[in-house]
Amino acid sequence: EATIRNAVSSADMESLGGAPVAWANSGTGSRGSIEQLIELKEDGSLCRRFVTSRESFDGVALFRGEACMVGGGAWQMQRFDPA
């Protein structure tokens, strides 16, 4: 989740133009791509919703998630559920 959160939070929304964002975790060997990334304000917080694939030793899975900016400019995963 941390690798995906970092990819979501560091994505340049203006230059993406709807293109997927690739991510990889060298520690676990998992990788995937983040799609349907949208930015919105919820209760005054900046959030990004997304769908991501995860390819790992046990197969491929899809997840829906949401990361929001919290105090000090840090990002926190609010939701990360199997799709």
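1. In this predicted model, a good place to start is the hairpin of β2 and β3, which has two residues between its strands and in which D43 takes a positive phi near 50°. The two strands of that hairpin, β2 and β3, pair in the antiparallel sense, and eight bridges hold this pairing on record. Within the pairing, E35 stands opposite V51 in β3, which gives a student one concrete position from which to follow the two strands by eye.

2. A second hairpin can be read in the same manner, namely that of β1 and β2, where six residues lie between the strands and G29 takes a positive phi near 80°. Strands β1 and β2 run antiparallel and are joined by four bridges. Here A24 is the residue that stands opposite R31 in β2, so that strand β2 has a partner in β1 and also a partner in β3.

3. Where does Q36 lie, and is Q36 buried or exposed? Q36 lies in strand β2, and with a relative accessible area of 55% the residue is exposed. Once the neighbours within four places in sequence are left aside, Q36 is in contact with R49, F50, V51 and R64. By way of comparison along the chain, Q36 and R79 are 43 residues apart in sequence, and their C-alpha atoms are 15 Å apart in space.

4. The aromatic residues deserve a separate point, since a search of the whole structure finds one aromatic pair. That pair is formed by F63 and F80, whose rings are stacked, with 4.7 Å from centre to centre and 10° between the planes. Because F63 lies in strand β4 (residues 59-69) and F80 in strand β5 (residues 75-82), the pair ties together parts that are 17 residues apart in sequence.

5. Are the two partners of this pair, F63 and F80, buried or exposed? F63 is buried, with a relative accessible area of 11%, and F80 is buried as well, with a relative accessible area of 19%. The value for F80 deserves a careful reading, because a residue counts as buried under 20% relative accessible area.

6. Turning to the helical part, helix α1 covers residues 2-10, and its buried residues are I4, A7, V8 and S9. What covers these buried residues includes the strands β1 (21-24), β2 (31-42), β3 (45-56), β4 and β5. As a general reminder, an α-helix has 3.6 residues a turn, so residues three or four places apart point the same way.

7. For the chain as a whole, there are two helices and five strands, and from the N terminus on the elements run α-α-β-β-β-β-β. The radius of gyration is 12 Å, close to the 12 Å that the globule rule gives for 83 residues, so the chain is as compact as a globular protein of that length. Along its principal axes, the C-alpha trace spans about 40 × 25 × 25 Å.

8. Some totals complete the note, and they refer to the protein chain as a whole. Of its 83 residues, 33% count as buried, while the chain exposes about 5100 Å², of which carbon and sulfur atoms supply 47%. Among the contacts with a separation of 6 or more, 29% are accounted for by residues 24 or more positions apart.

Terms used
Residues numbered from 1 in each chain as written. Predicted model: local features only at pLDDT ≥ 70, side-chain atom pairs only at ≥ 80, totals over all residues. Heavy atoms only, no water. Phe/Tyr/Trp six-rings, centres within 6.5 Å; stacked < 30°, edge-to-face > 60°. Buried < 20%, exposed > 50% of the residue type's maximum accessible area, 1.4 Å probe, protein only. Contact = heavy atoms within 4.5 Å. Pairing = 2+ DSSP bridges. Rg over C-alpha atoms; globule rule 2.2 N^0.38 Å. Areas by Shrake-Rupley, 256 points an atom, 1.4 Å probe, with all protein chains shown as cover.
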